[in-house]
Amino acid sequence: MRALLLLSSLAVSACAQSTPLLTITPPARAAVKRGQTVTAKVGVRVTPGFHVNSNAPLDEYLIPLRLTWQPAPLELKSVEFPPAKHEKSDFSPKPIAVFDGVFEITSKFTVPSNAPIGAGFIPGKLRYQGCNATTCFPPKTIDVRFSYDLQ
Amino acid sequence: MARYTENMLARSRALLLIPLLAALVGCVGTTKAGSPVKPESQRKKAPEFSLKDSNGQVVKLSDFKGKVVLLNFWATWCGPCKVEIPWFIDFETRLKDQGLVVLGVAMDDEGWEVVKPYITSKKVNYRVVMGDDSMANLYGGVESLPTTFVLDRDGRIARTHVGLVSKSEYENDIQELLRQKRASAAPVEFAGR
(Lines give C-alpha, C1' and ligand atoms only; values in the text may rest on other atoms or scores of the structure.)
Protein backbone atom coordinates (compact mmCIF):
# COMPACT_ATOMS: atom_id res chain seq x y z
CA MET A 1 0.00 0.00 0.00
CA ARG A 2 2.83 2.32 0.96
CA ALA A 3 4.63 1.47 -2.28
CA LEU A 4 1.47 2.23 -4.23
CA LEU A 5 1.13 5.56 -2.47
CA LEU A 6 4.74 6.34 -3.22
CA LEU A 7 4.35 5.40 -6.89
CA SER A 8 1.21 7.48 -7.40
CA SER A 9 2.81 10.36 -5.57
CA LEU A 10 5.90 10.15 -7.77
CA ALA A 11 3.77 9.99 -10.90
CA VAL A 12 1.87 13.18 -10.05
CA SER A 13 4.79 15.14 -8.68
CA ALA A 14 6.99 14.35 -11.66
CA CYS A 15 4.59 15.86 -14.21
CA ALA A 16 4.30 19.51 -15.04
CA GLN A 17 0.68 20.45 -15.62
CA SER A 18 -0.22 22.63 -18.57
CA THR A 19 -3.27 24.67 -19.40
CA PRO A 20 -3.56 27.14 -22.29
CA LEU A 21 -2.62 29.91 -19.87
CA LEU A 22 0.11 28.43 -17.72
CA THR A 23 2.29 25.48 -16.84
CA ILE A 24 3.01 24.56 -13.26
CA THR A 25 5.87 22.51 -11.94
CA PRO A 26 5.06 20.89 -8.60
CA PRO A 27 7.51 21.12 -5.69
CA ALA A 28 10.44 18.74 -5.73
CA ARG A 29 10.07 15.71 -3.51
CA ALA A 30 11.68 16.48 -0.14
CA ALA A 31 13.41 14.42 2.51
CA VAL A 32 12.41 15.88 5.87
CA LYS A 33 13.01 15.30 9.57
CA ARG A 34 10.90 16.01 12.62
CA GLY A 35 11.37 19.53 13.93
CA GLN A 36 12.56 20.85 10.55
CA THR A 37 11.11 23.62 8.45
CA VAL A 38 10.72 22.56 4.84
CA THR A 39 10.21 24.72 1.76
CA ALA A 40 8.03 23.70 -1.21
CA LYS A 41 8.31 25.77 -4.38
CA VAL A 42 5.62 25.63 -7.04
CA GLY A 43 6.98 26.84 -10.36
CA VAL A 44 4.63 28.75 -12.66
CA ARG A 45 5.24 29.64 -16.29
CA VAL A 46 2.65 31.97 -17.81
CA THR A 47 2.20 31.78 -21.57
CA PRO A 48 3.93 34.75 -23.27
CA GLY A 49 1.51 37.61 -23.92
CA PHE A 50 -0.71 36.65 -20.99
CA HIS A 51 -0.72 37.44 -17.29
CA VAL A 52 -2.48 36.09 -14.23
CA ASN A 53 -3.77 38.27 -11.43
CA SER A 54 -1.42 38.47 -8.48
CA ASN A 55 -2.35 37.29 -5.01
CA ALA A 56 -3.43 40.91 -4.33
CA PRO A 57 -4.61 42.30 -7.69
CA LEU A 58 -5.64 45.77 -6.38
CA ASP A 59 -9.12 45.62 -7.90
CA GLU A 60 -11.89 44.17 -5.80
CA TYR A 61 -13.51 42.34 -8.74
CA LEU A 62 -10.37 40.62 -10.01
CA ILE A 63 -9.81 37.04 -8.89
CA PRO A 64 -6.54 36.68 -6.99
CA LEU A 65 -3.98 33.92 -7.39
CA ARG A 66 -4.41 31.48 -4.52
CA LEU A 67 -2.38 28.46 -3.45
CA THR A 68 -4.03 26.42 -0.72
CA TRP A 69 -2.90 23.22 0.93
CA GLN A 70 -5.06 20.65 2.65
CA PRO A 71 -4.41 19.99 6.35
CA ALA A 72 -1.61 17.43 6.69
CA PRO A 73 0.86 16.06 9.22
CA LEU A 74 3.16 18.89 8.15
CA GLU A 75 1.96 22.28 9.37
CA LEU A 76 1.69 25.11 6.88
CA LYS A 77 3.51 28.21 8.10
CA SER A 78 3.35 30.54 5.09
CA VAL A 79 2.67 30.88 1.39
CA GLU A 80 4.82 33.56 -0.20
CA PHE A 81 4.38 35.12 -3.63
CA PRO A 82 6.99 37.16 -5.51
CA PRO A 83 6.54 40.93 -5.91
CA ALA A 84 3.82 41.62 -8.49
CA LYS A 85 4.17 43.69 -11.62
CA HIS A 86 1.94 46.77 -11.56
CA GLU A 87 0.30 47.45 -14.91
CA LYS A 88 -1.91 50.29 -16.04
CA SER A 89 -5.26 49.22 -17.41
CA ASP A 90 -8.02 50.93 -19.34
CA PHE A 91 -10.68 49.69 -16.95
CA SER A 92 -9.32 50.67 -13.57
CA PRO A 93 -8.17 54.09 -12.34
CA LYS A 94 -5.27 52.48 -10.51
CA PRO A 95 -2.76 49.92 -11.79
CA ILE A 96 -3.53 46.26 -11.35
CA ALA A 97 -1.02 43.82 -9.87
CA VAL A 98 -0.20 40.83 -12.09
CA PHE A 99 2.32 38.06 -12.62
CA ASP A 100 3.71 37.04 -15.97
CA GLY A 101 6.66 35.04 -17.28
CA VAL A 102 8.19 32.55 -14.86
CA PHE A 103 7.86 32.77 -11.10
CA GLU A 104 7.70 30.64 -7.98
CA ILE A 105 5.29 30.40 -5.08
CA THR A 106 7.04 29.35 -1.90
CA SER A 107 5.26 27.45 0.85
CA LYS A 108 6.89 26.72 4.19
CA PHE A 109 5.90 23.82 6.42
CA THR A 110 7.12 22.73 9.81
CA VAL A 111 7.40 19.07 10.70
CA PRO A 112 5.88 18.34 14.12
CA SER A 113 7.80 16.14 16.52
CA ASN A 114 5.04 13.53 16.36
CA ALA A 115 4.62 13.48 12.57
CA PRO A 116 4.42 9.89 11.25
CA ILE A 117 7.61 8.55 9.69
CA GLY A 118 7.39 7.52 6.04
CA ALA A 119 6.30 8.78 2.66
CA GLY A 120 3.48 11.26 2.44
CA PHE A 121 2.10 14.03 0.34
CA ILE A 122 0.11 17.20 0.79
CA PRO A 123 -2.57 17.95 -1.82
CA GLY A 124 -2.97 21.54 -2.80
CA LYS A 125 -4.92 23.70 -5.24
CA LEU A 126 -3.80 26.61 -7.34
CA ARG A 127 -6.61 28.92 -8.42
CA TYR A 128 -5.83 31.50 -11.04
CA GLN A 129 -7.44 33.77 -13.58
CA GLY A 130 -5.61 35.28 -16.49
CA CYS A 131 -5.96 37.56 -19.47
CA ASN A 132 -4.06 39.30 -22.20
CA ALA A 133 -4.79 42.86 -23.33
CA THR A 134 -8.01 41.89 -25.07
CA THR A 135 -9.24 38.57 -23.72
CA CYS A 136 -9.74 36.85 -20.37
CA PHE A 137 -10.09 33.18 -19.56
CA PRO A 138 -12.44 32.01 -16.80
CA PRO A 139 -10.91 31.26 -13.41
CA LYS A 140 -9.48 27.79 -13.12
CA THR A 141 -8.24 25.58 -10.31
CA ILE A 142 -5.55 22.97 -10.78
CA ASP A 143 -4.25 20.35 -8.38
CA VAL A 144 -0.71 20.42 -7.06
CA ARG A 145 0.99 18.00 -4.72
CA PHE A 146 3.95 18.25 -2.37
CA SER A 147 5.49 14.84 -1.75
CA TYR A 148 7.92 14.12 1.06
CA ASP A 149 9.75 11.34 2.87
CA LEU A 150 9.78 11.82 6.61
CA GLN A 151 12.87 10.08 7.98
CA MET B 1 4.67 8.03 -19.41
CA ALA B 2 7.09 10.33 -21.20
CA ARG B 3 5.13 9.93 -24.45
CA TYR B 4 1.88 10.65 -22.62
CA THR B 5 3.41 13.80 -21.16
CA GLU B 6 4.75 14.79 -24.57
CA ASN B 7 1.30 14.27 -26.10
CA MET B 8 -0.27 16.32 -23.36
CA LEU B 9 2.24 19.10 -23.92
CA ALA B 10 1.69 18.95 -27.68
CA ARG B 11 -2.06 19.24 -27.14
CA SER B 12 -1.55 22.12 -24.76
CA ARG B 13 0.68 23.86 -27.26
CA ALA B 14 -1.95 23.36 -29.94
CA LEU B 15 -4.56 24.85 -27.61
CA LEU B 16 -2.26 27.76 -26.96
CA LEU B 17 -2.18 28.55 -30.65
CA ILE B 18 -5.85 29.55 -30.62
CA PRO B 19 -5.55 32.66 -28.45
CA LEU B 20 -2.08 33.39 -29.77
CA LEU B 21 -3.30 33.32 -33.37
CA ALA B 22 -6.19 35.54 -32.32
CA ALA B 23 -3.63 37.94 -30.90
CA LEU B 24 -1.61 37.83 -34.11
CA VAL B 25 -4.57 38.77 -36.25
CA GLY B 26 -5.14 41.85 -34.19
CA CYS B 27 -6.80 40.37 -31.12
CA VAL B 28 -10.16 40.70 -32.70
CA GLY B 29 -13.03 38.43 -33.30
CA THR B 30 -13.69 35.59 -35.62
CA THR B 31 -14.00 38.10 -38.42
CA LYS B 32 -11.17 40.38 -39.46
CA ALA B 33 -11.01 43.91 -38.12
CA GLY B 34 -12.86 46.26 -40.42
CA SER B 35 -14.54 43.48 -42.39
CA PRO B 36 -18.26 43.84 -42.85
CA VAL B 37 -20.93 41.83 -41.13
CA LYS B 38 -21.68 38.47 -42.72
CA PRO B 39 -23.79 38.49 -45.88
CA GLU B 40 -27.40 37.70 -45.03
CA SER B 41 -27.25 34.35 -46.81
CA GLN B 42 -24.48 33.17 -44.47
CA ARG B 43 -26.11 34.15 -41.19
CA LYS B 44 -27.40 31.46 -38.84
CA LYS B 45 -30.26 31.77 -36.41
CA ALA B 46 -29.18 32.72 -32.90
CA PRO B 47 -30.16 30.09 -30.31
CA GLU B 48 -33.19 30.98 -28.21
CA PHE B 49 -32.68 31.28 -24.46
CA SER B 50 -34.62 32.17 -21.36
CA LEU B 51 -32.68 33.76 -18.49
CA LYS B 52 -33.45 36.05 -15.57
CA ASP B 53 -32.37 39.66 -15.37
CA SER B 54 -31.27 41.54 -12.26
CA ASN B 55 -34.91 42.18 -11.33
CA GLY B 56 -35.80 38.51 -11.57
CA GLN B 57 -37.70 39.00 -14.82
CA VAL B 58 -37.41 36.34 -17.50
CA VAL B 59 -35.71 37.56 -20.65
CA LYS B 60 -36.00 35.61 -23.90
CA LEU B 61 -34.17 36.37 -27.08
CA SER B 62 -37.49 36.18 -28.89
CA ASP B 63 -38.60 39.21 -26.82
CA PHE B 64 -36.50 41.29 -29.19
CA LYS B 65 -38.15 40.43 -32.48
CA GLY B 66 -37.30 42.94 -35.16
CA LYS B 67 -34.45 44.51 -33.16
CA VAL B 68 -30.71 44.49 -33.72
CA VAL B 69 -29.28 42.80 -30.65
CA LEU B 70 -25.80 43.20 -29.19
CA LEU B 71 -25.42 40.07 -27.06
CA ASN B 72 -22.34 40.52 -24.87
CA PHE B 73 -20.90 37.73 -22.69
CA TRP B 74 -18.86 39.32 -19.91
CA ALA B 75 -17.86 39.02 -16.25
CA THR B 76 -16.86 41.37 -13.45
CA TRP B 77 -13.42 39.71 -13.31
CA CYS B 78 -12.77 40.45 -16.99
CA GLY B 79 -10.84 43.67 -17.51
CA PRO B 80 -11.34 44.05 -21.27
CA CYS B 81 -15.09 43.52 -20.74
CA LYS B 82 -15.14 46.54 -18.46
CA VAL B 83 -13.58 48.69 -21.17
CA GLU B 84 -16.58 47.97 -23.38
CA ILE B 85 -19.32 48.67 -20.85
CA PRO B 86 -19.28 52.49 -21.22
CA TRP B 87 -19.53 52.01 -25.02
CA PHE B 88 -22.55 49.78 -24.63
CA ILE B 89 -24.16 52.29 -22.26
CA ASP B 90 -23.66 54.91 -24.97
CA PHE B 91 -25.10 52.66 -27.71
CA GLU B 92 -28.15 51.91 -25.57
CA THR B 93 -28.69 55.62 -25.00
CA ARG B 94 -28.21 56.75 -28.60
CA LEU B 95 -29.46 53.84 -30.67
CA LYS B 96 -32.26 52.29 -28.64
CA ASP B 97 -34.92 54.26 -30.47
CA GLN B 98 -33.49 53.17 -33.82
CA GLY B 99 -33.99 49.53 -32.91
CA LEU B 100 -30.89 48.44 -30.99
CA VAL B 101 -31.04 46.28 -27.87
CA VAL B 102 -27.92 45.73 -25.79
CA LEU B 103 -28.10 42.61 -23.64
CA GLY B 104 -25.32 41.63 -21.25
CA VAL B 105 -24.85 37.99 -20.21
CA ALA B 106 -22.88 37.91 -16.96
CA MET B 107 -20.77 34.78 -16.52
CA ASP B 108 -19.72 35.26 -12.90
CA ASP B 109 -19.93 32.05 -10.86
CA GLU B 110 -20.88 34.11 -7.80
CA GLY B 111 -24.03 35.34 -9.55
CA TRP B 112 -25.97 38.47 -8.72
CA GLU B 113 -24.11 38.89 -5.44
CA VAL B 114 -21.19 40.37 -7.35
CA VAL B 115 -22.87 41.40 -10.60
CA LYS B 116 -25.66 43.54 -9.19
CA PRO B 117 -23.41 45.90 -7.20
CA TYR B 118 -21.12 46.21 -10.21
CA ILE B 119 -23.81 47.13 -12.76
CA THR B 120 -25.35 49.53 -10.23
CA SER B 121 -22.04 51.28 -9.59
CA LYS B 122 -21.33 51.57 -13.33
CA LYS B 123 -24.88 52.82 -14.05
CA VAL B 124 -25.44 50.13 -16.66
CA ASN B 125 -28.59 51.17 -18.52
CA TYR B 126 -29.11 48.01 -20.57
CA ARG B 127 -30.48 44.68 -19.44
CA VAL B 128 -28.14 42.13 -17.96
CA VAL B 129 -29.04 38.47 -17.51
CA MET B 130 -27.16 35.80 -15.58
CA GLY B 131 -25.53 33.28 -17.87
CA ASP B 132 -24.32 29.77 -17.17
CA ASP B 133 -22.46 26.97 -18.91
CA SER B 134 -25.55 25.75 -20.77
CA MET B 135 -26.13 29.23 -22.15
CA ALA B 136 -22.47 29.46 -23.15
CA ASN B 137 -22.66 26.04 -24.81
CA LEU B 138 -25.65 27.18 -26.83
CA TYR B 139 -23.41 29.85 -28.30
CA GLY B 140 -20.50 27.58 -29.10
CA GLY B 141 -18.80 27.38 -25.72
CA VAL B 142 -17.73 31.00 -25.17
CA GLU B 143 -14.29 30.00 -23.90
CA SER B 144 -13.00 33.49 -23.32
CA LEU B 145 -14.45 36.90 -22.53
CA PRO B 146 -15.57 39.25 -23.82
CA THR B 147 -17.41 37.44 -26.57
CA THR B 148 -20.08 39.42 -28.36
CA PHE B 149 -22.64 38.35 -30.93
CA VAL B 150 -24.24 40.99 -33.11
CA LEU B 151 -27.67 39.83 -34.27
CA ASP B 152 -29.67 41.25 -37.15
CA ARG B 153 -33.36 42.16 -37.05
CA ASP B 154 -34.23 38.60 -38.03
CA GLY B 155 -32.47 37.09 -35.02
CA ARG B 156 -29.50 35.83 -37.02
CA ILE B 157 -25.85 36.09 -36.00
CA ALA B 158 -24.33 38.67 -38.30
CA ARG B 159 -20.98 38.94 -36.56
CA THR B 160 -19.07 37.45 -33.63
CA HIS B 161 -16.31 39.25 -31.79
CA VAL B 162 -14.04 37.27 -29.50
CA GLY B 163 -11.96 39.63 -27.41
CA LEU B 164 -11.92 43.39 -27.15
CA VAL B 165 -12.43 45.31 -30.37
CA SER B 166 -12.80 49.03 -30.94
CA LYS B 167 -15.96 50.95 -30.23
CA SER B 168 -16.09 52.08 -33.86
CA GLU B 169 -16.06 48.49 -35.04
CA TYR B 170 -19.14 47.71 -32.96
CA GLU B 171 -20.80 50.92 -34.10
CA ASN B 172 -20.15 50.10 -37.77
CA ASP B 173 -21.72 46.66 -37.31
CA ILE B 174 -24.73 48.07 -35.52
CA GLN B 175 -25.32 50.92 -37.98
CA GLU B 176 -25.12 48.57 -40.92
CA LEU B 177 -27.61 46.17 -39.37
CA LEU B 178 -29.95 48.96 -38.31
CA ARG B 179 -30.05 50.10 -41.95
CA GLN B 180 -30.98 46.65 -43.19
CA LYS B 181 -34.66 45.83 -43.43
CA ARG B 182 -36.01 42.60 -42.06
CA ALA B 183 -35.89 39.77 -44.56
CA SER B 184 -39.65 39.34 -44.36
CA ALA B 185 -42.61 40.57 -42.42
CA ALA B 186 -43.11 37.06 -41.09
CA PRO B 187 -42.54 36.49 -37.37
CA VAL B 188 -38.89 36.12 -36.43
CA GLU B 189 -37.95 32.55 -35.57
CA PHE B 190 -35.14 31.81 -33.16
CA ALA B 191 -33.34 28.49 -33.06
CA GLY B 192 -34.96 26.42 -30.30
CA ARG B 193 -33.04 25.29 -27.21
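Pro146(B) lies in the loop between α4 (133-138) and β7 of chain B, where helices (H or I, at least four residues) and strands (E, at least two) are DSSP runs numbered from the N terminus. Residues are numbered from 1 along each chain as its sequence is written, while chains are lettered from A and ligands numbered from 1 in the order in which they are written. This is a predicted model, in which local features need pLDDT of at least 70, side-chain atom pairs count only at pLDDT 80 or more, and totals for chains, interfaces and linings use all residues.

**Exercise 1. Find the peptide bond that joins Pro146(B) to Leu145(B), and say what kind it is.**

Step 1. Go to the loop between α4 and β7 of chain B, where Pro146(B) is found.
Step 2. Look at omega for the bond between Leu145(B) and Pro146(B): the angle is about -5 degrees, and the bond is cis.
Step 3. Keep the general rule in mind: most peptide bonds are trans, and most residues other than glycine have a negative phi.

**Exercise 2. Describe the backbone and surroundings of Leu58(A) and Lys123(B).**

Step 1. Place Leu58(A) in the loop between β5 and β6 (66-69) of chain A.
Step 2. Read its phi, which is near 70 degrees and thus positive in a residue other than glycine.
Step 3. Judge its exposure from C-beta atoms placed from the backbone: a residue is buried if 20 or more others lie within 10 Å of its own, exposed if 12 or fewer, and partly exposed in between. Leu58(A) has 18 C-beta neighbours inside 10 Å, so it counts as partly exposed.
Step 4. Now turn to Lys123(B), in the loop between α3 (112-121) and β6 (127-130) of chain B. Its phi is near 55 degrees, again a positive value in a residue other than glycine.
Step 5. Lys123(B) is exposed because 9 other C-beta atoms lie within 10 Å.

**Exercise 3. Work out the overall layout of chain B.**

Step 1. Count the elements: there are five helices and eight strands.
Step 2. Write them in sequence order, which gives α-β-β-β-β-α-β-α-β-α-β-β-α.
Step 3. Check the burial: 36% of the 193 residues of chain B count as buried.

**Exercise 4. Which residues of β4(B) are buried, and what does the strand join?**

Step 1. List one side: Val68(B), Leu70(B), Asn72(B) and Trp74(B) are buried.
Step 2. List the other side: Val69(B), Leu71(B) and Phe73(B) are buried too.
Step 3. Draw the conclusion: seven of the seven residues are buried, so β4(B) is largely enclosed by the rest of the structure.
Step 4. Follow its neighbour: β4(B) and β5(B) run parallel and are joined by seven bridges (two strands pair if DSSP finds at least two bridges between them). Within this pair, Trp74(B) stands opposite Ala106(B).

**Exercise 5. Show where the buried residues of α5(B) lie around the helix.**

Step 1. Find the helix: α5(B) covers residues 167-179. With 13 residues, it reaches 18 Å from its first C-alpha to its last, close to the 18 Å expected at 1.5 Å a residue (the expected span is 1.5 Å times one less than the number of residues).
Step 2. Pick out the buried residues, namely Tyr170(B), Asp173(B), Ile174(B) and Leu177(B).
Step 3. Look down the axis: the buried residues fall within an arc of 95 degrees, so they line one face of α5(B) (the arc is that of the directions from the helix axis to the C-beta atoms).
Step 4. On the face turned away, find the exposed residues Ser168(B) and Arg179(B).
Step 5. Name what the buried residues pack against: β4 (68-74), α2 (79-95), β5 (100-106), β7 (147-151) and β8 (156-162) of chain B.

**Exercise 6. Locate the kink in α2(B) and the partners of its buried residues.**

Step 1. Go to Ile85(B), shortly before the proline Pro86(B): a kink of about 30 degrees lies there (the bend is the angle between axes fitted to the seven residues ending at a residue and the seven starting there).
Step 2. Note the buried residues, among them Ile85(B), Phe88(B) and Phe91(B).
Step 3. Finish with the packing: the buried residues of α2(B) pack against β12 of chain A, together with β4, β5 and α5 of chain B.

Terms used:
Two residues are in contact if their C-beta atoms, placed from the backbone, lie within 7 Å.
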